[in-house]
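Colleague: I am new to this structure and would like to know how its descriptions are justified. Please take me through them.

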Amino acid sequence: DGRLTFYPGNQTVDLPFINFMKRYGTVFLNAYTNSPICCPSRAAMWSGLFTHLTESWNNFKGLDPDYVTWMDLMEKHGYHTQKYGKLDYTSGHHSVSNRVEAWTRDVDFLLRQEGRPMVNLTGDRRHVRVKEADWRTTDKAVNWIKEEAVNLTQPFVLYLGLNLPHPYPSPYTGENFGSSTFLTSPYWLEKVTYEAIKIPKWSSLSEMHPVDYYSSYTKNCTGEFTKQEVRDIRAFYYAMCAETDAMLGEIISALRDTGLLKNTIVMFTADHGELAMEHRQFYKMSMYEGSSHVPLLVMGPGVKEQQQVPNVVSLVDIYPTML
């Protein structure tokens, strides 16, 4: 959720490396995804094309495999390129069930597609690496910076794609359900200020727009939730953001340790936000702020320090900006 990168959202969780980027770079206050779902948003970001042009409506259609991305063009013009982690811009790897249901929404019955959102606290105050796969991917990128990038004679562009702070799969729901478990450890939860967490106001189910009601139903949010449950889900999401921030910190530290930071542009953004129980929903797939407002911070040579840009920008702007 991009609102966590500036006031007052940033009061809820400690994000030291986001703050570092703000101190030494520029934060965009109104950056939006072009489509708040994994594959379509990445298709827009890699192509510089709006969603009605990519025709990436859901996670089963992204860019055509031979589409020339901005990274392809940079490689063609002398950059050494390296990609790690989640790319997900040609097609998503989601269940056949979801693929079929995406085209059968106009029906007289409702389909629950997610498990009920829940929290899961794991480990203890020493448990730092909760999302082990993302940490392994980050380690690869760090090692590449320290062992490869530092010795290059040509300029480089490095892409690191993380899954966090995406909720985790909920095993009890079976293989065809999405990810509805907000998982963290006490180490990260301590970075969250519970008193600063706002409990969103909900409309009654009878007052909701039919599309919203349908979305709340498919996301299993139409049941009763206590204020504590809602606060916990939000807190655990913020804790997962803190763990993501630490991975950003590993990259910044590797650039600093190798002397590359002073002449490297660093950009941090996301494919979509997280509703985290706003509008009686979690996840994304909505043009509400929590889902569509993304972080965008840029730091490096030629980028003004401590600048806040209020202009509306979106992920398609990354393509011409990189070039």
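Modeller: What follows is a set of questions about the terms used for this predicted model.

Colleague: Why is Ser314 called buried?

Modeller: Ser314 has a relative accessibility of 14%. Buried means under 20%, so Ser314 counts as buried. Ser314 belongs to strand S8. Beyond its neighbours within four places in sequence, Ser314 contacts Tyr32, Asn34 and Phe50.

Colleague: What makes S1 and S8 a pair of strands?

Modeller: Two strands pair if there are at least two bridges between them. S1 and S8 (residues 307-314) have six bridges and run in the parallel sense, and Tyr32 stands opposite Ser314 in S8.

Colleague: How do you know that S1 also pairs with S7?

Modeller: Three bridges join S1 to S7 (residues 296-299), and at least two are needed. These two strands run antiparallel. Val27 has Leu297 in S7 as its bridge partner. S1 itself, residues 25-32, is mostly covered, with seven of its eight residues buried.

Colleague: What makes the length of helix H6 agree with its number of residues?

Modeller: H6 covers residues 132-147, which is 16 residues. At 1.5 Å a residue the expected span is 22 Å, and the end C-alpha atoms are 22 Å apart, so the two agree. The buried residues of H6 include Trp135, Ala141, Val142 and Ile145. Among the elements that cover them are strand S2 (80-85), strand S4 (156-161) and helix H9 (227-257).

Colleague: What makes H2 a mostly covered helix?

Modeller: In H2 (residues 38-47), 10 of its 10 residues are buried. Cys38, Cys39, Arg42 and Trp46 are among them. They pack against helix H3 (51-54), helix H4 (70-76), S2, S4 and helix H11 (318-322). After H2 comes Gly48, with a positive phi near 75°.

Colleague: Why is H1 called oblique to H9?

Modeller: H1 (residues 16-24) packs against H9 at an angle of about 50°, with the axes 7 Å apart. Roughly parallel needs an angle under 35 degrees, and roughly perpendicular runs from 65 to 115. The angle fits neither range, so H1 is oblique to H9. In this packing, residues of H1 including Phe17, Ile18 and Phe20 meet residues of H9 including Leu248, Gly249 and Ile252.

Colleague: What makes Arg116 and Glu229 a salt bridge?

Modeller: The side chains of Arg116 and Glu229 meet at 3.0 Å, N to O, and the limit is within 4 Å. The pair links distant parts of the chain, with Arg116 in the loop between helix H5 (96-101) and strand S3 (118-121) and Glu229 in H9, 113 residues apart. Partly exposed lies between 20% and 50%. Arg116 counts as partly exposed because its relative accessibility is 27%. Glu229 is partly exposed too, with a relative accessible area of 29%.

Colleague: How do you know that Glu278 and Arg234 form a salt bridge?

Modeller: Their closest N and O atoms are 3.6 Å apart, and the rule asks for a distance within 4 Å. Glu278 is in the loop between strand S6 (266-269) and helix H10 (289-292), and Arg234 is in H9, 44 residues apart. Both Glu278 and Arg234 are buried. A network of salt bridges links them with Asp1 and Arg3. By this rule the count comes to 10 salt bridges.

Colleague: What makes the phi of Ala276 worth pointing out?

Modeller: Most residues other than glycine have a negative phi. Ala276 is not a glycine, yet its phi is positive, about 45°. Ala276 is found in the loop between S6 and H10. Ala276 is buried because its relative accessible area is 2%, and the cut-off is under 20%.

Colleague: Which peptide bond leading to Pro8 is cis, and where is Pro8 placed?

Modeller: The bond from Tyr7 to Pro8 is cis, with omega near 0°, and Pro8 sits in the segment before H1. Another cis bond runs from Leu164 to Pro165, with omega near 5°. Pro165 lies in the loop between S4 and strand S5 (181-184). Most peptide bonds are trans.

Definitions and conventions
Residues are numbered from 1 along each chain as its sequence is written. This is a predicted model: local features need pLDDT of at least 70, side-chain atom pairs count only at pLDDT 80 or more; totals for chains, interfaces and linings use all residues. Side-chain values use heavy atoms; hydrogens and water are left out. Buried means under 20% relative accessible area, exposed over 50%, partly exposed in between (1.4 Å probe, protein chains only). Helices (H or I, at least four residues) and strands (E, at least two) are DSSP runs, numbered from the N terminus. The expected span of a helix is 1.5 Å times one less than its number of residues. Contact means heavy atoms within 4.5 Å. Axes are lines fitted to C-alpha atoms, for helices over the stretch in contact, and angles run from 0 to 180 degrees between N-to-C directions. Angles under 35 degrees count as roughly parallel, over 145 as roughly antiparallel, 65 to 115 as roughly perpendicular and the rest as oblique.
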